[in-house]
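Dear colleague,

I am passing on the structure we spoke about, and below it you will find my notes on what turned up when I went through it. Please read them with the structure open beside you.

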There are 2 protein chains.
Amino acid sequence: MRSVDKKIELLKVIAHPVRIQILKELSKGVKCVSDFEEPTQASQPNISQHLGLLRRYGLIDYYMDGRLRCYFLVDPIVLDVLEILKKEYKGSLPAPACCPVTKKGTYPGNRRR
Amino acid sequence: MRSVDKKIELLKVIAHPVRIQILKELSKGVKCVSDFEEPTQASQPNISQHLGLLRRYGLIDYYMDGRLRCYFLVDPIVLDVLEILKKEYKGSLPAPACCPVTKKGTYPGNRRR
DNA sequence: ATAATATATACAAGTATTATAATATGTTAA
DNA sequence: TTAACATATTATAATACTTGTATATATTAT
């Protein structure tokens, strides 16, 4: 099974505005490079670089179709990350109960902020 | 509602080995700074810097308890990201059907790789 | 007060990321 | 074969990130 470290690396690769946009497009289906120019508003070489990075990390792949490179999603982790971006989070996690136990022991001090 | 761009930013902040480890610990409950030294294997100033970053982005917060800073999770997005790291992904997404439609049109060319 | 503890801050140095510009490669069409 | 097209590669400069070292601040204990 894939190590946690590897997945953290993938998260970092995914977490970039242009690359997210690319991945979003790919979640709709196969696309070629020039298809990303409009949605990302990035230059062709820049898109090509991002695609290369995503491919080096195994997140996407392509096949040749005439003179087009047809890119598609490979790694299922991408869809889960995109889900998080769609999800609406309301509010915060419940505040912790006072005076928790840490390794240093339990401390009775007052809550100052 | 929180913008997608903001969430991408948060993802990027989260996607760091030391910070993930910190967030993992916090998902178990409240911890003070020195509690992170062992699991992260990072120096105190380094941990403090990462905690500061996580806090600036609103992912965590703390309250004072005597001379300890008790940190806790605030943003629910953190738990969803940690879920992804736990999840076991087997295999790849289904390969795309041949000859998809891109903006450039449908191309009949052979699959070369 | 003073010392010890817990944590933060400032700064410097190294490294990594990003976008841009210029150019190259391979494919199809004329 | 030449032109046009689709895309990649390389170099580079600007910026951002990361960490270590040194030091500062605040709190508690003596």
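A residue is called exposed when its relative accessible area is over 50%, a value worked out on the protein chains only. By that cut-off Gln41(A) is exposed, because its relative accessible area is 70%. Please bear in mind that this is a predicted model.

Gln41(A) sits in the loop that lies between α3 (37–40) and α4 of chain A, and its C-alpha is 9.8 Å from that of Gln21(A), although 20 residues separate the two in sequence.

Turning to the DNA, I found that 22 residues surround strand C, the closest being His50(A), Gly66(A), Gln44(B), Ser48(B) and Tyr71(B). Of the atoms of DNA strand C that come within 4 Å of the protein, 67% belong to sugar and phosphate. Sorted by class, the surface near DNA strand C is made up of nine polar, seven charged and six nonpolar residues.

Which parts of DNA strand C do individual side chains approach? A side-chain N or O atom of Gln44(B) is 2.8 Å from a base nitrogen, and a polar side-chain atom of Gln49(A) lies 3.2 Å from a base oxygen, whereas for Arg69(B) the partner is a phosphate oxygen, 3.1 Å from an N or O atom of the side chain. The elements that contribute two or more residues to the surface near DNA strand C are α4 (44–56) of chain A and, from chain B, α4 (44–56) and β3 (68–73).

With best wishes

How values were computed. Residues numbered from 1 in each chain as written. Chains lettered and ligands numbered in written order. Predicted model: local features only at pLDDT ≥ 70, side-chain atom pairs only at ≥ 80, totals over all residues. Heavy atoms only, no water. Near = heavy atom within 4 Å. Polar contact = N/O pair within 3.5 Å; in protein donor to acceptor, adjacent residues only side chain to side chain. Helix = DSSP H or I, 4+ residues; strand = E, 2+ residues; numbered from the N terminus. Nonpolar A, V, L, I, M, F, W, Y, C, P; charged D, E, K, R; others polar. Buried < 20%, exposed > 50% of the residue type's maximum accessible area, 1.4 Å probe, protein only.
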